Amino acid sequence: MPAGTPQPSVTKLASSFERILAMPETSEFLTKFANEPFPGTPESLRALLASEIKRWGELIALAKIEPQ
């Protein structure tokens with residue numbers, strides 16, 4: 001969602017996604033395409049993305065990979 005989206009909207013959408021991710025058919029569908037459900041809160045996803053950006057940024061810097 002765009003920055004500044006009202007918290008009630010964020011909460012409602014996150015709740016809907018949680019229900020969808022809990023459905024067995026969703027898990028089966030995602031597994032077919034080599035994916036797996038990642039349930040969690042918007043905050044946990046935000047924390048995961050921040051840690052992954054940091055981790056991969058450090059590896060890219062060590063490998064001296066230049067942006068293309």
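**Exercise 1.** Where in the chain is the place of alanine 34, and what is notable about its phi?

*Solution.* Begin with the position: in this predicted model, alanine 34 sits in the loop that runs between helix 2 and helix 3. Next, turn to the backbone angle, where alanine 34 shows a positive phi of about 60° although it is not a glycine. As background, most residues other than glycine have a negative phi. Finally, consider the surroundings: exposed means over 50% relative accessible area, and alanine 34, with a relative accessible area of 73%, is therefore exposed.

**Exercise 2.** Find where lysine 64 lies, and decide whether lysine 64 is buried or exposed.

*Solution.* The position comes before the surface, and lysine 64 belongs to the segment after helix 3. The phi of lysine 64 is near 55°, a positive value in a residue other than glycine. For the last step, the relative accessible area of lysine 64 is 67%, and lysine 64 is exposed.

**Exercise 3.** Describe the order of the elements along the chain, and work out how the spread of the chain stands against the globule rule.

*Solution.* Count the elements to begin with: the chain has three helices and zero strands, and from the N terminus on they run α-α-α. The radius of gyration of the chain is 16 Å, whereas the globule rule gives 11 Å for 68 residues, so the chain is more spread out than a compact globule. The extent can also be put as a box, since the C-alpha atoms fill roughly 40 × 35 × 20 Å along the principal axes. Then look at the surface: buried residues make up 4% of the 68 residues, and the accessible surface comes to about 6000 Å², of which 67% belongs to carbon and sulfur atoms.

**Exercise 4.** Determine which helix supplies the largest share of the lining of the largest pocket, and how the lining residues divide by kind.

*Solution.* Start from the pocket as a whole, for which the volume is about 530 Å³. Of the 17 residues that line this pocket, the closest to its centre are Val10, Ala14, Thr41, Pro42 and Leu45. Two helices, helix 1 (7-21) and helix 3 (42-63), each supply at least two residues of the lining, and the largest share, seven residues, comes from helix 1. Sorted by kind, the lining holds 11 nonpolar, three polar and three charged residues.

**Exercise 5.** Place glutamate 43 in the chain, and state how far glutamate 43 and lysine 12 are apart in sequence and in space.

*Solution.* Glutamate 43 is a residue of helix 3, where it is partly exposed, with a relative accessible area of 43%. The separation from lysine 12 is 31 residues in sequence, and the two are 14 Å apart in space, C-alpha to C-alpha.

**Exercise 6.** Which element of the chain has the lowest mean pLDDT, and which the highest?

*Solution.* Take the whole chain before its parts: the mean pLDDT of the chain is 90, and 100% of its residues reach 70 or more. Among the elements, helix 2 (residues 24-32) has the lowest mean pLDDT, 90, while helix 3 has the highest, 93. As a general caution for reading models, where pLDDT is low, the predicted coordinates should not be read in detail.

Methods
Residues are numbered from 1 along each chain as its sequence is written. This is a predicted model: local features need pLDDT of at least 70, side-chain atom pairs count only at pLDDT 80 or more; totals for chains, interfaces and linings use all residues. Side-chain values use heavy atoms; hydrogens and water are left out. On a 1 Å grid over the protein atoms alone, a cavity is a set of points where a 1.4 Å probe fits but cannot get out, and a pocket is an open set with protein on both sides within 12 Å along at least five of seven lines; lining residues have an atom within 4 Å of a point. Grid points are joined across faces, edges and corners, and a volume is the space filled by probe spheres set on the points. Helices (H or I, at least four residues) and strands (E, at least two) are DSSP runs, numbered from the N terminus. Ala, Val, Leu, Ile, Met, Phe, Trp, Tyr, Cys and Pro count as nonpolar, Asp, Glu, Lys and Arg as charged, and the others, Gly among them, as polar. The radius of gyration is taken over C-alpha atoms; the globule rule is 2.2 Å times the number of residues to the power 0.38. Buried means under 20% relative accessible area, exposed over 50%, partly exposed in between (1.4 Å probe, protein chains only). Accessible areas come from the Shrake-Rupley method with a 1.4 Å probe; for residues, only the protein chains shown count as cover. pLDDT is the predictor's confidence in each residue, from 0 to 100.
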